[in-house]
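Got the viewer open? Here is a short tour, stop by stop, with something to select at each one.

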Amino acid sequence: MGEPAPLAVAYDVGSVSPAEIAVGVAGLAPVAFLLPRSPHVRKLRPVLSRLGRVVQLTGSPERDAVLVRRLAPAGVLTFSENLLRVTAGLAHDLGLPGHTPEVAEVLTDKYRQRERLRAAGVDAVRCHPLPDAAAWERALSAVGLPAVVKPVHGQGSRGTFAVRDRVEAEGVRSRLFDDPGGAWVVEELLQGRPSGTLGDYVSVETASGPDGTTVLAVTGKHPLTPPFRETGQFWPAALPHEDHAAVSDLAVRAVTALGVTTGVCHTEVKLTPGGPRIIEVNGRLGGHLNELSRRASGVDLVRTAALLALNAPPPPAPTRPGRVYFQFNGLAPVRPGRLRALTGGDDVRCLEGITGYRSYVSPGDHLPGGVGSVFMDLLTGNAPDHRAMVDLLDRALPLLRYEFTDGATTWVECPRRARTDDPAPRNPPCATAVHQPEQA
């Protein structure tokens, strides 16, 4: 009897770590990592080679299809946004379950996604393409103010700006097209309903397979740090039954309209005074959600995604936890600088209810600044209810201190929770943004 067919996992910076993949797939199939050329992969290749077979992709769809066909994989999937199209092409060429190439293109193109949702009658957020500076006034006129400007392709709030008035519009326009290869969209800025200490948006995690699409969970969010920087999430979301049902129904209709038939999706939904609205649909597992699911319910969402890719029935959806399980991420500064020291980790671990603290950066690391959700660390814990979670975070976060320098000055920051009723500041002066491993 020969070796069982592997599960091919296209790997790069994304929503789960190599170790999570190895644990989630254990007992299902051997893992073969399909690797693009990237700094992240180059750094982790020794780890990946210990966890499974590694196959270097060439970047040519035709040659890569030949390489992967030689593996005779039982399935192929990815947890990396930037490899969704590559993975869809491979699945199509090999006749395996997964997003079709056309679906992957819609999932990774914010304008096409909006158009598809509008045509299907699912959601009609105003959106206009912004291919170059000449289209600026036309896009603003079509969408109106307030608006949000986003890259057509991207994740983690990279290069995302609020435009509330003509002053902000001029400031964003003047720096938007420094990169001649950039493509953008202008969207209606969805106004959230008052939510106080909790975020005014959620995400809906869904699983699609031969029996249709089911909701795995609705994930609550901490308030965004302006302009659109994410700081973490929790299970269960603090929603009454009717809101839970409404956002779940909207997410299922959205992934169905986009043509998703196989895999796990992560749909972000704004809670507006007029009802839930789609922020965006992501065609893969959301960042850090596997850690949250395993801790809150014992369900491994990597394994769920792997089973779907193998055309096997997924396990039951996670049960609603009896406590509130949370994650919080401290954000890198908008201002560029080098980390001099990060302190307080030992103190925060001593608090009752805090179950873990992990730093993603080390003294000496240069952080280039920007408006993306670049995470410094991950704080995890649980509490009896949502109010107790907020109280615990308000005690824990001031214990953490990040010291930075730009060579001329030194400054200290502490992570903090925003509130949905905080006044919205102007866009930060630095527009550069990068993304770090294992985040949304």
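Start by selecting Gly27, which sits just after helix α1 and takes a positive phi of about 90°. Keep in mind along the way that this is a predicted model.

**Back up into α1**

Now select residues 18-25, which make up α1. Which residues of this helix are buried? Colour Pro18, Ile21, Gly24 and Val25, and you have them. Look down the axis: these residues cover an arc of only 130°, so they sit on the same side of α1. That fits the general pattern: an α-helix has 3.6 residues a turn, so residues three or four places apart point the same way.

What lies over that buried side? Show β1 (7-10), β2 (31-35), α2 (39-51) and α11, which are among the elements that cover the buried residues of α1.

**Zoom out**

Bring the entire chain into view. Coloured by secondary structure, the protein chain shows 13 helices and 20 strands. Its radius of gyration is 21 Å, close to the 22 Å that the globule rule gives for 440 residues, so the chain is as compact as a globular protein of that length. If you draw a box around the C-alpha atoms along the principal axes, the box comes to roughly 65 × 55 × 50 Å.

Try colouring by burial next: 56% of the 440 residues are buried. As for contacts with a separation of 6 or more, 69% of them join residues 24 or more positions apart.

**Into the largest cavity**

How many cavities of 30 Å³ or more are there? The count is four, and the largest has a volume of about 230 Å³. To find it, select Leu77, Thr78, His99, Thr262 and Gly263, which are the closest to its centre of the 20 residues in the lining.

Then add the elements that give two or more residues to this lining: β4 (75-78), α4 (84-94), β12 (263-272) and α11 (301-309). You met α11 earlier, as part of the cover over the buried residues of α1. The largest share of the lining, four residues, comes from α4. Colour the lining by class and you get twelve nonpolar, seven polar and one charged residues.

**The second largest cavity**

Move on to the second largest cavity, with about 90 Å³ of space. Select Glu230, Gly232, Gln233, Asn329 and Phe375, the closest to the centre of the eleven residues that line this cavity. By class, the lining here has two nonpolar, seven polar and two charged residues.

**Along α13**

Select residues 386-396 for α13, then highlight the buried ones: His386, Met389, Val390, Leu392, Leu393 and Ala396. Turn the view until you look down the axis of α13; the buried residues fall within an arc of 165°, so they line one face of the helix. To see what covers them, show elements including β11 (232-235), β14 (324-328), α12 (345-349), β16 (354-359) and β18 (377-383).

**Last stop: one serine**

Finish in α9, residues 241-257, by selecting Ser248. Is Ser248 buried or exposed? Its relative accessibility is 9%, so Ser248 counts as buried, the cut-off being under 20%. Now show what Ser248 touches, leaving aside neighbours within four places in sequence: the contacts are Val204, Val215 and Val218.

Notes:
Residues numbered from 1 in each chain as written. Predicted model: local features only at pLDDT ≥ 70, side-chain atom pairs only at ≥ 80, totals over all residues. Heavy atoms only, no water. 1 Å grid on protein atoms, 1.4 Å probe; cavity = no way out; pocket = protein on both sides within 12 Å on 5 of 7 lines; lining within 4 Å. Points joined across faces, edges and corners; volume = space filled by probe spheres on them. Nonpolar A, V, L, I, M, F, W, Y, C, P; charged D, E, K, R; others polar. Buried < 20%, exposed > 50% of the residue type's maximum accessible area, 1.4 Å probe, protein only. Arc of directions from axis to C-beta. Contact = heavy atoms within 4.5 Å. Rg over C-alpha atoms; globule rule 2.2 N^0.38 Å.
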